[in-house]
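I opened this entry to look up how the aromatic rings and the nonpolar side chains are arranged. My notes follow in the order in which I looked things up.

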Amino acid sequence: MKVKWAAVNALCSTIVFGSVLGSLLFSVGNREASADPIPRPALNTKPIEYLWYTEQVVPSYAQNLDCLAKNVYFEARNQSSVGQLAVSHVVLNRVMDSRFPSSVCGVVHQSHYNDRGQPLRNKCHFSWFCDGRSDDIEDIKSYTDIYNLMIISYGLYFSGIDLADMSTHYHTVTSNPSWAPTKKFIMTIDQHHFYEWE
């Protein structure tokens, strides 16, 4: 597949400009609201990840971008840019599939939850989210590079370039999940096998 990088760069610049402009407008629009002296009670005390997954809260563009970047950071930060883009496009393919949540943050945090809205250990679609380890970003440079790449990921995907080739699932080449035989194998990129849920 030949990528028209000039067009991709132009599209990504538009996305970045729109994001910055939206942030400025949001900041100006909320200046008056932030000065409101009346305390507002919390409507829901469950974690935001649960609210995203259950679609009780719609994440912003910036939140979705952060969720996408975190997922790639934990799932594929040791992979090539192409491998990272493919992993991110699996998430976007799920967003576009009615069998999954309709936002990036919802897809990334899809899990079995307890009644307090906490994910059950090792019951998540993306293992880093509920493996019992810290989800703090320790390598800031890697995260920043991935975050910037995710802006390009959006631009590529929504201009019709899907580096995951319609894949909705992946796993590392060293693992053998029980669901793999039930999906259509598409390809291998770096250390991940990619599959489509037909």
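**Rings, charges and core**

I began with the rings of this predicted model, and my count came to 16 aromatic pairs. One of them joins W128 and F129, which I noted as edge-to-face, with 6.0 Å centre to centre and 70 degrees between the planes. Are these two residues buried or exposed? W128 has a relative accessible area of 6% and F129 one of 10%, and because the cut-off for buried is under 20%, both count as buried.

I then followed the ring pairs outward and found that they link W128 and F129 into a cluster with Y50, Y53, Y73, F74, Y113, Y143 and Y147. Y73 also has R77 over its face, at 4.3 Å from the ring centre. I looked up a further charge over a ring, and there the charged end of R99 sits over W197, 4.2 Å from the ring centre.

Next I turned to the largest nonpolar core, which has 41 residues, and noted that V91, V104, M150 and F194 touch the most other members. Two or more residues come from each of α3, α4, α5, α6 and α7, and α7 gives the most, with eight. For V91 I listed the contacts beyond four places in sequence, which are L68, N71, V104, V107, V108 and F126.

Last, I checked α7 itself, which runs over residues 140–157 and reaches 25 Å from its first C-alpha to its last, close to the expected 26 Å. Its buried residues include Y143, I146, L149, M150 and Y154.

Note on methods
Residues are numbered from 1 along each chain as its sequence is written. This is a predicted model: local features need pLDDT of at least 70, side-chain atom pairs count only at pLDDT 80 or more; totals for chains, interfaces and linings use all residues. Side-chain values use heavy atoms; hydrogens and water are left out. Helices (H or I, at least four residues) and strands (E, at least two) are DSSP runs, numbered from the N terminus. The expected span of a helix is 1.5 Å times one less than its number of residues. Buried means under 20% relative accessible area, exposed over 50%, partly exposed in between (1.4 Å probe, protein chains only). Rings of Phe, Tyr and Trp (its six-membered ring) pair if their centres lie within 6.5 Å; planes under 30 degrees apart count as stacked, over 60 as edge-to-face and the rest as tilted. A charge sits over a ring if NZ of Lys or CZ of Arg is within 6 Å of the ring centre and within 35 degrees of the ring normal. A nonpolar core is a set of buried Ala, Val, Leu, Ile, Met, Phe, Trp, Tyr and Cys residues joined through side-chain atoms within 4.5 Å. Contact means heavy atoms within 4.5 Å.
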